Amino acid sequence: MIERAGGMFRAKPPCKAPTTRNGMRRRDGLLAAKEAIVQRFGPWTAHNLHLGYDVFTVQPEEEKNALVERYLRILSDFGYSSLRGVRILDLACLEGLYAVELARRGATTVGIEVREANVMKAVFARNALGLKRCSIVQDDVRNLSAGKFGSFDVVICSGILYHLALPDSLRLLEAMYEVTTHLVVINTHVALGNLKENPHDLGELVTVEHGDKSYRGRYYREFPSEWSQEDKLRHLWAALDNDQSFWFTRQSLYDSLFQSGFAAVYENLLDLHIPIEDSDRHFFIATKDSSRGRASQREPRQK
Ligand SMILES: C[S@@+](CC[C@H](N)C(=O)[O-])C[C@H]1O[C@@H](n2cnc3c(N)ncnc32)[C@H](O)[C@@H]1O
C-alpha cells in the first residue's frame, strides 16, 4: 500500500508465498507456465512484476518499483488519488508494467504494444493476476485513434515518442490529444542544444520543416540500415521499422504539444540528479481543457 497526502493507492495484493500443498502446486504451475513463455519468447527484459506465490517476472522484488511509484505520484498530484474506474492507456507497454500495476490499483487499463514477444509476456502477467480490467492489444501506436480505442482519462506515453520518425511523432501527439479527456504523461528523451557527451550517437542539431511548421531536434539511428525486419523485431525495446527516429528539443516538444491542442504542459523533476541543462530524459504532463469531462464517466466505446 502506498500512502499519499492526497489519498491512498491500494494494490490488489498478489497471492503470498505458498505455505500449503495447494499453494505449492499453484506456484509450480505458475513457474511452469512462465517457463513456457520464456522458452517461446525469451526472458523478460525489463518489467519486474510480482505474479503471486513469490513468482516474479524478472527477480524477487528488492524494493518498490520506483517508476510505478513516480506515475502514482504524478496521478495523485493531478487529482487521481483513487484510480478506481479511471481509464488509462499505456502506449508501447512492453511487458505491461504500467497497464498491469495501475489495473491492480483499480484503474481500467489498455496497453498497446506491437511486438508479439512483449505482448505475450504482458498478457501472461495480466492473466496470472486475474486482472479483468486490463486489456493488452497488439497494435502499432501509429494506429491510435478514438474511433479504434475509445477515450481515456490518462494516456501514458513512456519510452516511445523518441522511437518515432517525423511526422509520426506529431501524429501521435495529435492522436493522444484526441483520445484523452484530461492528461497525457510523456516520459521521453529530448535533444539537448549543447551535447557535452553523445552516448546515443545523435546527429547534429537540425531544423526540419513539416507543413508550415519547423521542428528542432536530432536524429537517432535505431538500426543499422542493412538489418532485415526480422532483425528489427528481435530488438525488443526499439522502433518497429523506422531506421531513424527524431528527438525533439524541449522547446520543440512544448511547441508541438501546444500545436496539438493541449492547454498546458508541466514537467515533473522528481529525481533530477544532474543539472537540468544536461538532462535529456524528462517527464512531461500535458493537460487538456478539462471541461470535456472524465472518460470514466462516459459509456465505454464498444469495439
Ligand atoms: C523503450 S521501450 C519502452 C517500454 C515501456 N513503455 C516503458 O516505458 O518501460 C519501447 C517499446 O515500444 C514498442 N514499440 C516500438 N514501436 C512501436 C510502435 N510503432 N507501436 C507500438 N509499440 C512500439 C517496443 O516494442 C517497446 O516495447
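**View 1. Val265 faces its bridge partner Ala286 in strand β14.** In this predicted model, the pair formed by Val265 and Ala286 belongs to the contact between β13 and β14, two strands that run antiparallel and are joined by 5 bridges. Strand β14, which covers residues 281-287, is also joined to β9 by 7 bridges, and these two strands again run antiparallel. Within the pairing of β9 with β14, Thr188 stands opposite His282, while Asn187 stands opposite Phe283. Strands of a sheet pair through backbone hydrogen bonds, either in the parallel or in the antiparallel sense.

**View 2. An open sheet is built from 7 strands with mixed pairing.** Read across the sheet, the strands follow the order β7-β6-β5-β8-β9-β14-β13. The edges are formed by β7, residues 134-138, and by β13, residues 264-268, each of which pairs on one side only. From one strand to the next, the twist averages 20 degrees. Helix α3, made of residues 97-104, packs on this sheet and touches β5, β6, β7 and β8, and the direction of the helix makes about 170 degrees with that of β6, residues 108-113. In a regular strand, the side chains alternate between the two faces of the sheet.

**View 3. Strand β9 is largely enclosed by the rest of the structure.** This description of β9, residues 180-189, follows because 10 of its 10 residues are buried, where a residue is called buried if 20 or more other C-beta atoms lie within 10 Å of its own. On one side, β9 is joined by 6 bridges to β8, residues 152-158, and the two strands run parallel; in this pairing Val154 stands opposite Leu183. Between these two strands the chain passes from β8 through helix α6, residues 168-179, to β9, making a β-α-β crossover that is right-handed. Strand β9 also pairs with β14, and in that case the strands run antiparallel.

**View 4. Strand β8 pairs with β5 in the parallel sense.** The pairing of β8 with β5, residues 87-91, extends over 4 bridges, and within β8 the bridge partner of Leu91 is Cys157. In the sheet order, β8 is placed between β5 and β9. Beyond the strand, in the loop between β8 and α6, lies Pro167, which is joined to Leu166 by a cis peptide bond with an omega of about 5 degrees.

**View 5. The shell around the ligand is formed by 20 residues.** Among these residues, Ala92, Leu94, Val114, Ser158 and Gly159 come nearest to the ligand. When the residues of the shell are sorted by character, they divide into 12 nonpolar, 4 polar and 4 charged.

**View 6. Tyr53 and Asp201 each have a positive phi although neither is a glycine.** For Tyr53, phi is about 55 degrees, and the residue lies in the loop between β3, residues 50-52, and β4, residues 55-56. Tyr53 counts as buried because 20 C-beta neighbours are inside 10 Å. For Asp201, phi is likewise about 55 degrees, but this residue is found in the loop between β9 and β10, the latter covering residues 206-210. Asp201 counts as exposed because it has 9 C-beta neighbours inside 10 Å, and a residue with 12 or fewer falls into that class.

**View 7. Gln229 and Asp28 are helix residues that can each be related to a residue elsewhere in the chain by a C-alpha separation.** Gln229 has its place in helix α7, residues 229-234, and with 10 C-beta neighbours inside 10 Å it counts as exposed. Gln229 and Leu240 are 11 residues apart along the chain, and their C-alpha atoms are separated by 8.3 Å. Asp28 lies in helix α1, residues 21-41, and with 13 other C-beta atoms within 10 Å it is partly exposed. Asp28 and Asn65 are 37 residues apart along the chain, and a separation of 25 Å is found between their C-alpha atoms.

Technical notes: Residues are numbered from 1 along each chain as its sequence is written. This is a predicted model: local features need pLDDT of at least 70, side-chain atom pairs count only at pLDDT 80 or more; totals for chains, interfaces and linings use all residues. Two strands pair if DSSP finds at least two bridges between them. A crossover is right-handed if, with the strands pointing away from the viewer, the path from the first strand over the helix to the second runs clockwise. Axes are lines fitted to C-alpha atoms, for helices over the stretch in contact, and angles run from 0 to 180 degrees between N-to-C directions. Two residues are in contact if their C-beta atoms, placed from the backbone, lie within 7 Å. A residue is near a molecule or strand if its C-beta atom, placed from the backbone, lies within 6 Å of it. Ala, Val, Leu, Ile, Met, Phe, Trp, Tyr, Cys and Pro count as nonpolar, Asp, Glu, Lys and Arg as charged, and the others, Gly among them, as polar.
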